[in-house]
Structure formats: structure tokens, C-alpha cells
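Reader: Please take one part of this model and walk me through it closely. I want the helix packing and its surroundings, with every cut-off stated.

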Amino acid sequence: MAIKYEQLIKEGRIEEALEEIFKEIEAHPEEEAHYINGGNLLHQAGRDEEAERFLQKAITLNPGSTSAYYTLANIYYDRERFEEAVRLYLLAYSRNPEDGDLNFMLAMSHVHLNDAERALQFFEAARKAKPEDLEVTFQYGLLCCQIGLYNPADKLLGEVVRKEDNADAEYNMGLLKLMKDDDQAQALVHFHRAVDIQADHHLAHNAISKLK
């Protein structure tokens, strides 16, 4: 039988779900899952200090809890505490190194820490685990473009623009055509596509103006 708060979470009734979680914790204070779910919901509600306490309690109850480490790391990531996020992601990674989401978050954390070499390592693993995830593909391609790995960037960003309307991917493909091939005509095609997808894409508008 599903716990009552699980249905409330599905219905988006966050405050009511939190009340039920608090009741479950009072009744079953040694169940780590309640603290993890509570931490998630508190984070959604913008109550991060409480969320941290809940997740630290879950880790105290079960020092091997991958979910608790991962959830707390996500909170640190969202608060731009990237070094702390990496430390906790790695604790989860040591138990589940092939997880696509975990590798992606490690990659993104290292991007923010300006550590491209490590970011590339985790992007590659994330893409291997989730080859159809276009957000992984886009972010991987974007990093390759930024650090001058133009051929991989062309392949990755090209895959994104073929499969979805993504203004940022089109814009970066335009930049790539300029940097890699000095092809202004093809760059303009991508910049215009970016504007067609997102009319207020200011970077694409600026690029078009400069090339005219």
C-alpha cells in the first residue's frame, strides 16, 4: 500500500505532503526514505536549510545511502556550491559509477568549476548511459565547442539540431561554423534558425547583425 504522502506528491500538493512526511517521521523515526523524500520536498519549497538537515539525518541513519548523497548534492549544485556538490556526487558515484544522471551532474559541476578535462570524462560516461538524452548531448557538445574540440562539437550539436528545435544549439552551431570552417553563410543559416525558434534570442540577433 502506497504511503499517503506519495499520492500527494504526485498531485503536486507539496505542503500537505510535507505534513504527512512529518507524521511518518514521528511514527517511524528510523526510516531514511522519509527523510530523503522530506529533503526533496523541502528543497522544492525553497526551504534548503531544513532540507539539508533532513538529508544529513538520512545519511546518519544509513551512511551508504546513495539517494541521500545524490539528493543533498543536487541541493548544493542548485545553490552553486559546486565543490561540495562534487564531493557528495562522488560518494554516490563510488556505489553506482554507470548512472547516467549522476555522471551528467558530475560533468556539469566540473564545467562550473572550470575543469574541462574532468567534465569531458563524465560527459562521455553520461552519453554512453543515456545516448538519447539531448540535454546531455547538447551540454557535451557545448563544452567541446568552448574548448576547441570542433569535430566532436559538430557531431554532438549537429545531432541536437537534427532531432529537436533548440535555439541555443542552433546558435552554437552557427558559432562553430565560423570558428571551424569560417563559413559565414552556414553560420547565418543557424543564427536565423535560432531566431525562428526563439524570437528574443538576443545573441543570435547580435550575431546576425555583425555578419550583415
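What follows starts with one helix pair, then moves outward to the loops, cores and other pairs.

Author: First, the ground rules. This is a predicted model, in which local features need pLDDT of at least 70 and side-chain atom pairs count only at pLDDT 80 or more, while totals for chains, interfaces and linings use all residues. Residues are numbered from 1 along each chain as its sequence is written, and side-chain values use heavy atoms, with hydrogens and water left out.

The pair is H6 and H7. Helix H6 covers residues 82–93, and helix H7 covers residues 100–112. Helices here are DSSP runs of H or I with at least four residues, numbered from the N terminus. Two packed helices are described by the angle between their axes and the distance between the axes. For H6 and H7 the angle is about 155°, and the axes are 10 Å apart. The axes are lines fitted to C-alpha atoms over the stretch in contact, and angles run from 0 to 180 degrees between N-to-C directions. H6 is therefore roughly antiparallel to H7. The classes are: under 35 degrees roughly parallel, over 145 roughly antiparallel, 65 to 115 roughly perpendicular, the rest oblique.

The crossing of H6 and H7 is left-handed. In that sense the near helix is turned anticlockwise from the far one by less than a right angle.

Now the residues. H6 contributes Phe-82, Ala-85, Val-86, Tyr-89, Leu-90, Ala-92 and Tyr-93. H7 answers with Leu-102, Asn-103, Met-105, Leu-106, Ser-109, His-110 and His-112. Contact means heavy atoms within 4.5 Å. By class, this H6–H7 contact holds ten nonpolar, four polar and no charged residues. Nonpolar means Ala, Val, Leu, Ile, Met, Phe, Trp, Tyr, Cys and Pro; charged means Asp, Glu, Lys and Arg; the others, Gly among them, are polar.

Take Tyr-89. Leaving aside neighbours within four places in sequence, Tyr-89 touches Leu-102, Met-105, Leu-106 and Ser-109, and also Tyr-70, Ala-73, Asn-74 and Tyr-77. Tyr-89 is also among the residues with the most contacts inside the largest nonpolar core, along with Tyr-77, Phe-104 and Phe-123. That core has 55 residues. A nonpolar core is a set of buried Ala, Val, Leu, Ile, Met, Phe, Trp, Tyr and Cys residues joined through side-chain atoms within 4.5 Å. Buried means under 20% relative accessible area, exposed over 50%, partly exposed in between (1.4 Å probe, protein chains only). Another core, of nine residues, lies apart from the largest one; among its members are Ala-167, Tyr-171, Ala-194 and Ala-207.

Next, the loops at this pair. Glu-80 sits in the loop between helix H5 (66–78) and H6. Glu-80 is exposed, because its relative accessibility is 61%. Its phi is positive, about 65°, although Glu-80 is not a glycine. Most residues other than glycine have a negative phi.

After H7 comes the loop to helix H8 (116–129), and Leu-113 lies there. Leu-113 reaches back to H6: not counting residues up to four places away in sequence, it touches Phe-82, Glu-83 and Val-86. The C-alpha atoms of Leu-113 and Val-86 are separated by 9.8 Å, with their positions 27 residues apart along the chain. At 31% relative accessible area, Leu-113 is partly exposed. Asn-114 is in the loop between H7 and H8 too. Asn-114 has a positive phi of about 60° without being a glycine. With 72% relative accessibility, Asn-114 counts as exposed.

Move on to H8. H8 and helix H9 (residues 134–146) pack at about 150°, axes 10 Å apart. That makes H8 roughly antiparallel to H9. H8 passes H9 in a left-handed crossing. Phe-123 of H8 is one of the residues at this contact, and Tyr-140 is one on the H9 side. The H8–H9 contact divides into nine nonpolar, two polar and two charged residues.

Last, H12 and H13. Helix H12 (residues 184–197) and helix H13 (residues 202–211) pack at about 145°, with axes 9 Å apart. Their crossing is left-handed. The contact includes Ala-194 of H12 and Ala-207 of H13. It has nine nonpolar, three polar and no charged residues.

Technical notes: Helix = DSSP H or I, 4+ residues; strand = E, 2+ residues; numbered from the N terminus.
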